[in-house]
Amino acid sequence: LRNDGFGDNIDLGGAWIWPRSNPLMSRLIKEENLQVMNQPGDNSCVRICGGAVMLIHRLAEKIQTNRLERRVSNNYIEIKSTDGTVLKSKQVVLTGPPKVLSQNISFSPPLCSRKEIAMASSQTWMAGVTKVSLVYENGEWPRSSAIGNIGLGNYNSEIGHPAFQVYDARTENNEIVALTFFALATGITDDASLALQCATQLEEVKSKFKIGASFNFTNYARFHVQRWPHEKYISEDREPSEINPHPYPDEALAESDWGGCLLFAGTESDLRFPGMMEGAAGSAFRAVSFVSAVDG
């Protein structure tokens, strides 16, 4: 999860929550006193005001950050804080994408073969996506009209069509009016060129979707780009040739290892909503329940 970083508070990572089918995310939002807004053009889902990363900030405030030393023995992991407090843990929870974990961590003793195979063959949904947000100044957008969520067809950067989806990304009360594109940006190294290609692509098909007839989508004031394939803890492929398909639940990814000492709590490990924020919450709650049961 990430915002634009320049004060527009536009989601450049996961954004949508479906209240009717995402009870855990809805619970966290309520517990952390966060506000939500309907997705313009689609009342079935909502976005967190200020960006979904606000939830991470609220949860992080509850975690002590003064950890300096870590030591692993045969029976536990020891963490010592700057004030001298020592914490010992008999369990480790891994939250990264299984594919990335399998390629970057050596496990000794090795994981069970079922787990190793599942992790190595897993795919991280949306890890190959680059999100591009175009911000329009006041008065340059039909503020009373939302374009909703539009599929733009197959991406093809060779003909200047890197985007395959676009949605209305305006923030609460129309404070910031923007469009956000999902794109496959491999081969397009310049962010400004990528932003213009996305805008031009929408401009070419706007009549098909009956939007912005008198509006030029290339007249944006600024843009934000987040290249998720370049995030080493998210993607194993910096130059993807395709977007990974939505994952299916995989029991092997959800199972613990090392006799219950090693837990996996990434969104791909969830058995109900893998790949989604609800899946991340589901895996986290499952890990907490497991640890609590072991601790008695």
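In the predicted model, the side chain of Gln-91 comes within 3.2 Å of the backbone oxygen of Gly-260. Gln-91 itself is situated in the loop that joins β5 (86–89) to β6 (92–94). Its relative accessible area is 11%, and because residues under 20% are classed as buried, Gln-91 falls into that class. When neighbours within four places in sequence are set aside, the contacts of Gln-91 comprise Gly-260, Cys-261, Phe-290, Val-291 and Val-294. Gly-260 thus appears both in this set of contacts and as the residue whose backbone oxygen is reached by the Gln-91 side chain.

Helix α7 spans residues 277–295 and contains Ala-293. The relative accessibility of Ala-293 is 61%; since the exposed class begins over 50%, Ala-293 is counted as exposed. Between the C-alpha atoms of Ala-293 and Glu-204 the separation is 57 Å, the two residues being 89 positions apart along the chain.

A second exposed position was examined in a loop. Ile-159 is located between β8 (149–151) and β9 (163–168), in the loop that connects these strands. With a relative accessibility of 56%, Ile-159 also lies over the 50% limit and is therefore exposed. Its C-alpha atom is 38 Å from that of Ile-117, a residue 42 positions away along the chain.

At the level of the whole chain, seven helices and 12 strands are assigned. The radius of gyration is 21 Å, close to the value of 19 Å given by the globule rule for 296 residues, so the chain is as compact as a globular protein of that length. Along the principal axes, the C-alpha atoms occupy a box of roughly 70 × 40 × 35 Å.

Of the contacts in the chain with a separation of 6 or more, 62% are made by residues 24 or more positions apart. Buried residues, among them Gln-91, account for 43% of the 296 residues.

The accessible surface of the chain amounts to about 15900 Å², and carbon and sulfur atoms contribute 51% of this area. The chain carries 28 positive and 34 negative charges, whose mean positions are separated by 5 Å.

Key: Residues are numbered from 1 along each chain as its sequence is written. This is a predicted model: local features need pLDDT of at least 70, side-chain atom pairs count only at pLDDT 80 or more; totals for chains, interfaces and linings use all residues. Side-chain values use heavy atoms; hydrogens and water are left out. Helices (H or I, at least four residues) and strands (E, at least two) are DSSP runs, numbered from the N terminus. The radius of gyration is taken over C-alpha atoms; the globule rule is 2.2 Å times the number of residues to the power 0.38. Buried means under 20% relative accessible area, exposed over 50%, partly exposed in between (1.4 Å probe, protein chains only). Contact means heavy atoms within 4.5 Å. Accessible areas come from the Shrake-Rupley method with a 1.4 Å probe; for residues, only the protein chains shown count as cover. Lys and Arg count as positive and Asp and Glu as negative; His and the chain ends are not counted. The place of a charge is taken as NZ of Lys, CZ of Arg, CG of Asp or CD of Glu. A polar contact is a pair of N or O atoms within 3.5 Å; within protein, one must be able to donate a hydrogen and the other to accept it, and residues adjacent in sequence count only if both atoms are side-chain atoms.
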